[in-house]
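Dear colleague,

Please find the structure below, with its sequence. My notes on it follow.

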Amino acid sequence: MAPGAKRDFYDVLGVSKSASTEEIKRAYRKLALQYHPDRNKAADAADKFKEITEAYEVLSNPKKRQTYDQFGHAAFDPAAGGGFGGFGGGQTYRQGPFTYTYSVGGNPFEGGDLGGFGDPFEIFEQFFGGASPFRRGPAKPRYSLRIPLMEAIKGTARKVVHQGKEREIKIPAGVDEGTRIRFSDFDVSIDVIPDKIFRREGHDLFVDHEIPFTLAALGGNTEVPTPDGEIKIKIRPGTQPMTMLRLRGQGVPYVRGGGRGDEYIRLVVKIPQNLSREQRKCLEEFEKA
């Protein structure tokens, strides 16, 4: 294997390419316990733990796994033009400072993103459902804060009362459900209230956007919502129902910095139900033509 090259994710977990999701999960559990850096003191344990976690994040997600099977590591390497499984090709437009891709096919709405384990202890708390067996010292008090999705995306502040004193908690942009913020004497976990417009998967956002039948047929402009406000995008003539648009860099910020995810717009074409006589006549003439 060439220096710096990544091992095949199936080899990393020791499973076959036909392995079921449950088999992948069992293999990951076993390896995670074996190479957890707080349990395994070998010099390469941390690197192996990171490698198996990366492999699990891809292979446990049906959408990402399908893309990996087709394109390999290049699908997730920004330098190779990857970044989102199953959403390739299409036509790219620019609208002011925004770039978006117009594509038919693929369905990023299916599946879910399990997210990364930024803290090696969180694998035990989120995946195994309990505190890490390798922690030392008494558990710290933990408080839960519920915030709307928009505040989770943009960041916010809240106040908690700890040992009789009010403390202001700054919540960074990009936190997700279950994110834990640590302080010296207590922890805060985040619960995110779902949004009526946006749905989050990992660092990507998804929106169903309704457009009139005439706009889909003739083309034109429409305004779509983003976390930073509405922007105008171009609808090309002959747009089909459920066409997907990708707005690059309009998703959720990475908590540790380094950019944002993308926003995906699914165009829902509204078919008129109660046609006037004149409208019906126009459509009948169109059908004859």
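How do the residues of the lining of the second largest pocket divide into nonpolar, polar and charged? They comprise 13 nonpolar, six polar and one charged, where Ala, Val, Leu, Ile, Met, Phe, Trp, Tyr, Cys and Pro count as nonpolar, Asp, Glu, Lys and Arg as charged, and the others, Gly among them, as polar.

The model is predicted: local features need pLDDT of at least 70 and side-chain atom pairs pLDDT 80 or more, while totals for chains, interfaces and linings use all residues. Residues are numbered from 1 along each chain as its sequence is written, and side-chain values use heavy atoms, without hydrogens and water.

The second largest pocket (an open set of points on a 1 Å grid over the protein atoms alone, where a 1.4 Å probe fits, with protein on both sides within 12 Å along at least five of seven lines; lining residues have an atom within 4 Å of a point) holds about 450 Å³ of space. Among its 20 lining residues, Phe213, Thr214, Ala217, Pro272 and Leu283 are the closest to its centre. Helix 7 (helices being DSSP runs of H or I, at least four residues, and strands runs of E, at least two, numbered from the N terminus) gives the largest share of the lining, five residues.

Strand 4 (residues 156–162) and strand 5 (residues 165–171) run antiparallel, joined by seven bridges. Thr156 is opposite Ile171 of strand 5. Two residues separate the strands in this hairpin, and Gln163 in the turn has a positive phi of about 50°.

Ala139 lies in the loop between helix 5 and strand 3. Its C-alpha is 8.9 Å from that of Phe186, 47 residues away in sequence.

Yours sincerely

Notes
Two strands pair if DSSP finds at least two bridges between them. Grid points are joined across faces, edges and corners, and a volume is the space filled by probe spheres set on the points.
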